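Dear colleague,

I am passing on a structure that I would like you to look over when you have a moment. My notes follow directly after it.

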Amino acid sequence: MQAKILIRKLIGSRHALAIPVTFLILFVTMIGMISITYFFAVDKVNTRSTALKIATAKQDMLSFGETVLPILWQPGAANVFEFSDTGGKLNVLPTTNPLIINVSDNQDISATIFNAAVGQIEYELPYSQTSDTGTFLKGDGRAITNQSGSIITQLKIVSGVEHPEIHLGYRPTVSYTTAGLDNEKTVNNIRIYIVNLNTSQEFGVRGKIPVKASCVNTEMSMLTYNIDYTINELVFTAAFGGQTSYVTVPISCTQAGAVINIETVESTFQIQRCLR
């Protein structure tokens, strides 16, 4: 009789113990599920936040690139632009980004028109696995353009040392016209427009950044060829932004030859930090 009572008590105690153990297992499972859900939610929010910062940085660089264009070729003109705080770093590098321009007619004309660093502006993006590396936000991979492709702004995303970077530079462009005859030779006027920021302050800064872009001066230089033979075109080859490409310029000639004026128009502008 006593044995039966002992067995009943043991069975009852097992049932009593099973209830809290079950609740404990459910509680641990629920905490685990909440933790996993929280982790993925935070990760998704962080990803969206990073994507928003990158989109803002891209738009800032696009807007700043457009801010510079109206002041080119106008000494004394200036514009102020404020970069948003997107967690990245703005770097102004006036002594980088060499530009080399050569001209040739595959006969007697062969010369280097320009050979100097023109500088560039870089924005180091917050860390991102999907930064569209290699994408051009403005312009394309050509190192020089002509009248049929006159966008001089070159804005691209590249792989940096630690993070992706947006690089802003201004590539040269070529225009040409004819201007009647000179001693029975057709006069060809060619202009090469160059944007140079190598007089800027070199700096790197984070946060909300007001900067001032100002046109310092515009310089012109002329190179003239008086040829007594006929050609169809001149080839201008440029190395810029890690790319090399060329454009051809048609040349008008008479039987006596041609006069070819190659004018370089260089607009120098500065980027400076503004004091609040």
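Below I describe the confidence of the model and then one of its sheets.

This is a predicted model, in which local features need pLDDT of at least 70 and side-chain atom pairs count only at pLDDT 80 or more, while totals for chains, interfaces and linings use all residues. Residues are numbered from 1 along each chain as its sequence is written, and side-chain values use heavy atoms, with hydrogens and water left out.

As to confidence, the mean pLDDT (the predictor's confidence in each residue, from 0 to 100) is 84 for the chain, and 79% of its residues reach 70 or more. Within the chain, the mean is lowest, at 62, in helix α1 (residues 2-68), and highest, at 97, in strand β3 (residues 98-104); helices (H or I, at least four residues) and strands (E, at least two) are DSSP runs, numbered from the N terminus. Residues 38-47 have a pLDDT below 50, and beyond near neighbours in sequence this stretch has 0 contacts in the model, a contact meaning heavy atoms within 4.5 Å.

Turning to the sheet, 5 strands form an open arrangement in the order β1-β12-β15-β10-β9, with mixed pairing, where two strands pair if DSSP finds at least two bridges between them. The edges are taken by β1 (78-83) and β9 (173-182), each of which has a single partner strand, so one side of each is left without a neighbour in the sheet. From one strand to the next the twist averages 25°, with axes being lines fitted to C-alpha atoms and angles running from 0 to 180 degrees between N-to-C directions.

Strand by strand, β1 is joined by 6 bridges to β12 (residues 209-227), and the two run antiparallel; here Ala78 has Ser214 of β12 as its bridge partner. Ser214 is buried, at a relative accessible area of 12%, where buried means under 20% relative accessible area with a 1.4 Å probe and protein chains only. Leaving aside residues up to four places away in sequence, Ser214 touches Ile71, Ala77, Ala78, Thr268, Phe269, Gln270 and Gln272.

On the next pairing, β12 and β15 run antiparallel and are joined by 16 bridges, with Val259 in β15 as the bridge partner of Asn226. Strand β15 (residues 258-273) is mostly covered, since 13 of its 16 residues are buried. By contrast with the antiparallel pairing of β12 and β15, strand β10 (residues 185-196) runs parallel to β15, through 11 bridges, and Val195 stands opposite Ser267 in β15.

With best regards

Terms used:
Buried < 20%, exposed > 50% of the residue type's maximum accessible area, 1.4 Å probe, protein only.
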